[in-house]
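Ready for a few warm-up exercises? Take a look at what follows, try each task yourself, and then read the solution.

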Amino acid sequence: MLLDLVVSVLAAGAWIASALVRNRLLVSFAIAATAARAVTVALLAGSGWWFVQDKVTLTLPLLLAFAVVAMVRRTPTAYLAAGYAALAGPVFTLLHGYPATWTSGLITVALVGGGATLTARVRGATRLRAAAVASATVLMVGVVLSFVAAPSAVDSFGTVSLSSLRGPDSPVPGGTVRRFDLTARQATVTLASGATVRAWTFNGQVPGPPLTAAVGDLVEVTLHNADIAGGADGRSASSRGGVTLHWHGYDVPAAEDGVPGLTQDAVAPGQSFVYRFRADRAGTYWYHTHEVSNEGVRMGLYGSLVVTGSAPSPAGVDLTLPLHTFNGSTVVGASDVVESRSVVPGTTVRLRLINTDNTPRVVGVVGSPVRVAAVDGTDLNEPDPVEEAGLRIAAGGRYDVTFTMPDRPVALRIAHSSSGLSFLPPGASVAPSADVGSWPVLDLLHYGHPAATPFGAGSRFDRSFTLVLDRGLAGTSYAYTVNGDAFPDVPTEVVRQGDLVRFTIVNRSQDIHPWHLHGHRVLVLSRDGSAPTGSPLWLDTFDVRPGEVWQVAFRADNPGIWMNHCHNLAHADQGMVLHLAYEGVRSDFHGAHGG
Ligand code: C2O
Ligand code: CU
């Protein structure tokens, strides 16, 4: 992608220079760079049509056409036009991206043609003016058409009200009701190092209180809002204010999902809201506000949700450790320094690591082999012990890491951070250290052992959707886009209950996009065309890195309207959000925002 950009700029430079100074060599160089561009596009096409669609259908033909004209006419104007055409490639990719449409194509052609005419020293001012007027007209028509054609989300149809899709109000027989009260309020929190943070908290603490339950229980959480009203930085977008609770990775009934403007109204200061759902699957999850979530989560409105199996869990050390960045330093659990704890050799240790930041985090365990027992709440099949492996957790993702305490010290270390956790056998005092960021990263697609899944790459899918992630102009902002649009203009994906659904997710941009679908966990079918060779991977948040293509699948078994978004919440805030709606379900809230 980068190479293609460089070649385009070189070609543009050479053509434009040829227009200014007469030089055979320059012209040959321009021709060579133009040919090279065709090669880079062909190479890029090997990774998938999505990466070259705009180039193949628009900017490359444009460049070639103008280059041919320039070679035949050999006038400065023709050279200049070829230069602009070459420049249109990267400019189009950066500003508009995927997909190239008729309107965007018209605008581009008009700009190249009009631009060359206007800047060239053409004899005959009338011709010049006519051309300028013509291209301006084409431009206006293109712009108007693109507004008329703008699609939008459809969440207000259907006969089933989303608000009716609430959780049950009793546990299963034998289960208990777990009641929690969470009050969102501003507080100044003092960390272990002595540093203080002005935070948004649940019950005055960061992270919020850990919520735990056993399979079969009913979880009932009452959320109160004391004083979370607007943005900490006074942005107008934050004036919506308020708080909600979203159960990240836990597939609760739709009305309990905590998305303001879609499943409920945000809870304003002085108000409260009761969430109820059954604990029906064991694992490590988390909760966070979904109102102005980029700011809210960053400021501290998050906590862990751990559900244990119905059988009593084996004795051992079981720690839940959200990783979060406050003022540039990493808080592991609730501490920003390396805490030590004494552990008797032979003890089983389970670390439930939760990445609550916007970008991936790499962690490692020094001094003992570990197993990644579970990812995103689901156990992996036969995970092998690994040593000196970087464990890279996607934003929003969770790794359950286990090891048996040896008779020497062990340490959890976090790349680019001085915080961590030490495990010392009695008598020991010094924990080992290592730069875990330099360890090879464990690839989950090749970890553990295969097992049967209810569906797979060979299944017949009832619906298939493609999401091309990019950056570009959407409306008036330079947004993070899905198929060229930004929320709320990304068309809603509609499924029917029972459908087997496949998503293809393509990252054309230079950023990592941790993709997250609410209400469902997805099975990974492939990454860049290769299927996983290890354990089946059920994830709710996975990093789609630049240039990657992922295929995932899920069963539509949880009716509602669900957010489907990038969990780099800053990207979500700038448009990288859409909805997945079940046929017949309608939202009663008209917030038209994704929180
Ligand atoms: Cu954890 Cu919609 O997010
Ligand atoms: Cu993103």
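**Exercise 1.** In which strand does R555 lie? Work out its surroundings too.

*Solution.* Keep in mind that this is a predicted model. Start with the strand: R555 belongs to strand 29, which covers residues 549–555. Next, check accessibility. Buried would need under 20% and exposed over 50%; R555 has 34% relative accessibility, so it counts as partly exposed. Now look for neighbours beyond four places in sequence: R555 touches F455, D462, G498, D499, L500 and H520. Zoom in on one of them, G498: its backbone oxygen sits 2.9 Å from a polar atom of the R555 side chain.

**Exercise 2.** Find the sheet that holds strand 29 and walk across it.

*Solution.* Six strands make up an open sheet with mixed pairing, and their order is 22-21-24-29-26-27. At the edges you meet strand 22 (477–482) and strand 27 (538–539), each of which pairs on one side only. Step in from strand 22 to strand 21 (residues 463–474): these two pair in the antiparallel sense, over six bridges. Along that pairing, L469 stands opposite V482 in strand 22. Finally, spot helix 4 (residues 76–95), which lies across strand 21 and strand 22 and runs at about 110 degrees to strand 21.

**Exercise 3.** Which residues coordinate the copper ion (ligand 2)?

*Solution.* Go through the donor atoms: they are ND1 of H513, SG of C566 and ND1 of H571, at 2.0 Å. Then read off their spacing in sequence, which is H-x52-C-x4-H. Last, check burial: both C566 and H571 are buried.

Terms used:
Residues are numbered from 1 along each chain as its sequence is written. Chains are lettered from A and ligands numbered from 1 in the order in which they are written. This is a predicted model: local features need pLDDT of at least 70, side-chain atom pairs count only at pLDDT 80 or more; totals for chains, interfaces and linings use all residues. Side-chain values use heavy atoms; hydrogens and water are left out. Helices (H or I, at least four residues) and strands (E, at least two) are DSSP runs, numbered from the N terminus. Buried means under 20% relative accessible area, exposed over 50%, partly exposed in between (1.4 Å probe, protein chains only). Contact means heavy atoms within 4.5 Å. A polar contact is a pair of N or O atoms within 3.5 Å; within protein, one must be able to donate a hydrogen and the other to accept it, and residues adjacent in sequence count only if both atoms are side-chain atoms. Donors are N, O and S atoms within 2.8 Å of the metal (3.2 Å for Na, K and Ca); water is not among the atoms, so sites may look incomplete. Two strands pair if DSSP finds at least two bridges between them. Axes are lines fitted to C-alpha atoms, for helices over the stretch in contact, and angles run from 0 to 180 degrees between N-to-C directions.
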